[in-house]
Structures are given as C-alpha cells and as structure tokens.
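Biologist: I have a new model on screen and would like to learn how to read it. Could you take me through the features one at a time?

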Amino acid sequence: CICVQNENIENLQNIKFDAFVIHEQMSFVNNTKALEKIFSTLNFLIINTDKNKKLDILNGTRLTVITYGLNHKCTVTASSIKDDNIIVALQRDVLNKFGIVREIGEKRIEVKNNLDVYSYMLIFIIQILYCKNIEY
C-alpha cells in the first residue's frame, strides 16, 4: 500500500500500477498530466467520491472506475452502519482481475478495530477485485 500526497504524485508517473486508490481528498488541478499518465496503465481506479467530488480528469479514460462512499450512486456503499458491524453493498456488477463477475450483493463485516467506514468499504473492494473466492 502506498500513501500518495499531492506533492509527490509526479514521482509516481513512471511506475505501473494495477490499481490506484484515491482514499483521501486529492487536488487534481496541479497534477493532471502526471495522473493521466498513471491512469493510462491502470486496470482499476478506486476512488472515494465523498472526499473527491470533481472527477473531470476521468473523462475519456478506458479503465474500470470503482467508486465508494456514503451515497446511492457509488459502486460500493454502506447500507447499514452499527457499532459492531457494517453492511457493505456492491451496487453494480464488477469484473475482477481473474475475469470473474462480482454480482450485486451485500456483505456484513464485523467491526474489529478503529477503522472508519470508508476503510471497510475499501477492504471489501480489494477483496472482490483480487480474491478468487469471496462469498457475500
């Protein structure tokens, strides 16, 4: 896992990633060319749309974009949040790394540590993309 800050995005433009996660708020304005170069080699772009609202940079991209957040338009959202568990919902079918279609569904996730709901959604997304056998 790599934590990318706005200041160091240009240092990553010559590295090929299979997936790129934008979990925190990021400024796309000053990093457009570097991000376009990074996005051109990706299979998956995973983006928290509650923290990143302006996504004009994605226009015309041919990669799989998976959005997550607490709104009904996201690919993945939380349909229920309680103290001891979260129900995470996949709202659109997604083709994973192995060519397996992950169909719409929900998974109850037991809350075990101090992660926020966005982190649990992100973990769920990584599981559906990179695990061959996951039931939900």
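The dialogue below goes from the overall layout to single residues.

Modeller: Start with a caution. This is a predicted model.

Biologist: Which elements make up the protein, and in what order do they run?

Modeller: Count first, then order. The protein has two helices and eight strands. From the N terminus the order is β-α-β-β-β-β-β-β-β-α.

Biologist: How much of the protein is buried?

Modeller: Buried residues make up 43% of the 136 residues. Then look at the surface. About 8300 Å² is exposed, and carbon and sulfur atoms supply 48% of that area.

Biologist: What do the contacts say about sequence separation?

Modeller: Take the contacts with a separation of 6 or more. Of these, 47% are between residues 24 or more positions apart.

Biologist: Now a single strand. How do I read the two faces of S1?

Modeller: The general idea comes first. Side chains in a regular strand alternate between the two faces of the sheet. Here, Phe-20 and Ile-22 form the covered face of S1. Ala-19 and Val-21 form the uncovered face.

Biologist: How many bridges join S1 to S2, and do they run parallel or antiparallel?

Modeller: Four bridges join S1 to S2, and the strands run parallel. For a landmark, find Phe-20 and look across: Leu-45 in S2 stands opposite.

Biologist: Rings next. How many aromatic pairs does a search of the whole structure find?

Modeller: Three. For each pair, read the centre distance and the angle between planes. Phe-17 and Phe-20 are edge-to-face, at 5.7 Å centre to centre with 70° between the planes. Both of these residues are buried. Phe-44 and Tyr-130 are also edge-to-face, at 6.1 Å and 80°.

Biologist: Where do Phe-44 and Tyr-130 lie?

Modeller: Phe-44 is in strand S2 (residues 44-48) and Tyr-130 is in helix H2 (residues 117-130), so their pair ties together parts 86 residues apart in sequence. Compare their accessibility. Phe-44 is buried, with a relative accessible area of 4%. Tyr-130 has 28% and counts as partly exposed.

Biologist: Which residues do ring pairs link into a cluster?

Modeller: Phe-17, Phe-20 and Phe-39. Phe-20 is the residue you met on the covered face of S1.

Biologist: On to charges. How many salt bridges are there?

Modeller: A search of the whole structure finds one. Asp-18 forms this bridge with Lys-97, and the closest N and O atoms are 3.8 Å apart. The cut-off is 4 Å, so the pair counts.

Biologist: What does the salt bridge tie together?

Modeller: Locate each partner. Asp-18 lies in the segment before strand S1 (19-22). Lys-97 lies in the loop between strand S6 (94-95) and strand S7 (101-102). The pair therefore ties together parts 79 residues apart in sequence.

Biologist: Are these partners buried or partly exposed?

Modeller: Asp-18 is partly exposed, with a relative accessible area of 23%. Lys-97 is partly exposed too, at 46%.

Biologist: Last, a polar residue. Is Asn-85 buried or exposed?

Modeller: Asn-85 is buried, at 10% relative accessible area. This residue is found in strand S5 (residues 85-90). Now check its partners. A polar contact of 3.2 Å joins the side chains of Asn-85 and Asp-84.

Biologist: What is Asn-85 in contact with, leaving aside neighbours within four places in sequence?

Modeller: Its contacts are Ser-80, Arg-108, Ile-109, Glu-110 and Val-111.

Terms used. Residues are numbered from 1 along each chain as its sequence is written. Side-chain values use heavy atoms; hydrogens and water are left out. Buried means under 20% relative accessible area, exposed over 50%, partly exposed in between (1.4 Å probe, protein chains only). Contact means heavy atoms within 4.5 Å. Accessible areas come from the Shrake-Rupley method with a 1.4 Å probe; for residues, only the protein chains shown count as cover. A salt bridge is a side-chain nitrogen of Lys or Arg within 4 Å of a carboxyl oxygen of Asp or Glu. A polar contact is a pair of N or O atoms within 3.5 Å; within protein, one must be able to donate a hydrogen and the other to accept it, and residues adjacent in sequence count only if both atoms are side-chain atoms. Rings of Phe, Tyr and Trp (its six-membered ring) pair if their centres lie within 6.5 Å; planes under 30 degrees apart count as stacked, over 60 as edge-to-face and the rest as tilted. Two strands pair if DSSP finds at least two bridges between them.
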